Amino acid sequence: NLVSLGGDLAIDTAGSKVYAIQGGTRSGFSVYDINAGSWTPLTNLPALAYYGANIEYDPTSGSIYYISG
């Protein structure tokens, strides 16, 4: 477990997925598939996540928005 200050979650309820950023000035970005019960690493964040970092999932567009903090 390497979640730290600035870590955050975004939930896609229709797709049964949880997106997570690691925080702690790290670039980790992963998705958890609720149905499969497994984590998959995604492409690293474009900027390191720290205090105030945030991700949000937009169900209308299927997009994930990221603010690095």
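**Exercise 1. Leaving aside its neighbours within four places in sequence, with which residues is valine 31 in contact?**

Keep in mind while working that this is a predicted model.

*Step 1.* Start with the lower residue numbers: valine 31 is in contact with Lys17, Val18 and Tyr19.

*Step 2.* Then go further along the chain, where Ser38, Trp39, Thr40 and Leu42 are also contacts of valine 31.

*Step 3.* Place these residues on the strands. Residues 17-21 form β2 and residues 29-33 form β3, while β4 covers 38-41.

**Exercise 2. Work out the order of the strands in the open sheet and find its edges.**

*Step 1.* Follow the pairing from β1. This strand joins β2 over 5 bridges in the antiparallel sense.

*Step 2.* Continue from β2 to β3: these two strands also run antiparallel, joined by 5 bridges.

*Step 3.* Write down the whole sheet. It is open, has 4 strands in the order β1-β2-β3-β4, and its pairing is antiparallel. The edges are β1 (8-12) and β4 (38-41), each of which pairs on one side only. On average, neighbouring strands of this sheet are turned by 25° against each other, direction ignored.

**Exercise 3. Trace the partners of valine 18 and alanine 20 across the sheet.**

*Step 1.* Look from valine 18 towards β3, where its bridge partner is tyrosine 32.

*Step 2.* Now look towards β1: isoleucine 11 stands opposite valine 18, which belongs to β2.

*Step 3.* Move along to alanine 20, whose bridge partner in β3 is serine 30.

*Step 4.* Check how covered β2 is. Of its 5 residues, 4 are buried, so the strand counts as mostly covered, buried being under 20% relative accessible area.

**Exercise 4. Is serine 30 buried, partly exposed or exposed, and which residues does serine 30 contact?**

*Step 1.* Locate the residue: serine 30 lies in strand β3.

*Step 2.* Compare its relative accessible area with the cut-offs. The value is 22%, so serine 30 is partly exposed, since buried would require under 20%.

*Step 3.* List the contacts, leaving aside neighbours within four places in sequence. They are Val18, Tyr19, Ala20, Trp39, Thr40, Pro41 and Leu42.

*Step 4.* Add a distance: the C-alpha atom of serine 30 is separated by 9.8 Å from that of leucine 45, which is 15 residues apart from serine 30 along the chain.

**Exercise 5. Which residues with a positive phi lie in the loops on either side of β2?**

*Step 1.* Begin with the loop between β1 and β2, where serine 16 is placed. The hairpin of these strands has 4 residues between them. Serine 16 has a phi near 55°, a positive value in a residue other than glycine.

*Step 2.* Go on to the loop between β2 and β3, which holds threonine 25. Here too phi is positive, near 55°, and the residue is not glycine.

*Step 3.* Set the accessibilities side by side. Serine 16 is buried because its relative accessible area is 18%, whereas threonine 25 is partly exposed because its value is 46%.

**Exercise 6. Which residues make up the largest nonpolar core?**

*Step 1.* Recall the background: in soluble globular proteins, nonpolar side chains tend to be buried together.

*Step 2.* Name the 10 residues of this core: Ala10, Tyr19, Ile21, Phe29, Val31, Leu45, Ala49, Ala53, Ile55 and Tyr57.

*Step 3.* Sort them by strand. β2, β3 and β5 (54-58) each supply at least two of the core residues.

**Exercise 7. Which residues lie nearest the centre of the largest pocket?**

*Step 1.* Take the volume: the largest pocket holds about 230 Å³ of space.

*Step 2.* Turn to the lining, which consists of 13 residues; Val3, Ala20, Ile21, Gln22 and Trp39 lie nearest the centre. At least two lining residues come from each of β1, β2 and β3.

*Step 3.* Look at glutamine 22, placed in the loop between β2 and β3. Its relative accessible area is 17%, so glutamine 22 is buried. Not counting residues up to four places away in sequence, glutamine 22 touches Leu2, Val3, Ser4, Gly7 and Gly28.

*Step 4.* Finish with valine 3, in the segment before β1. Valine 3 counts as exposed because its relative accessibility is 57%. Its C-alpha atom is separated by 7.2 Å from that of glycine 24, 21 residues apart along the chain.

Technical notes: Residues numbered from 1 in each chain as written. Predicted model: local features only at pLDDT ≥ 70, side-chain atom pairs only at ≥ 80, totals over all residues. Heavy atoms only, no water. Pairing = 2+ DSSP bridges. Axes fitted to C-alpha atoms, helices over the stretch in contact; angles between N-to-C directions. Core = buried A, V, L, I, M, F, W, Y, C linked by side-chain atoms within 4.5 Å. Buried < 20%, exposed > 50% of the residue type's maximum accessible area, 1.4 Å probe, protein only. Contact = heavy atoms within 4.5 Å. 1 Å grid on protein atoms, 1.4 Å probe; cavity = no way out; pocket = protein on both sides within 12 Å on 5 of 7 lines; lining within 4 Å. Points joined across faces, edges and corners; volume = space filled by probe spheres on them.
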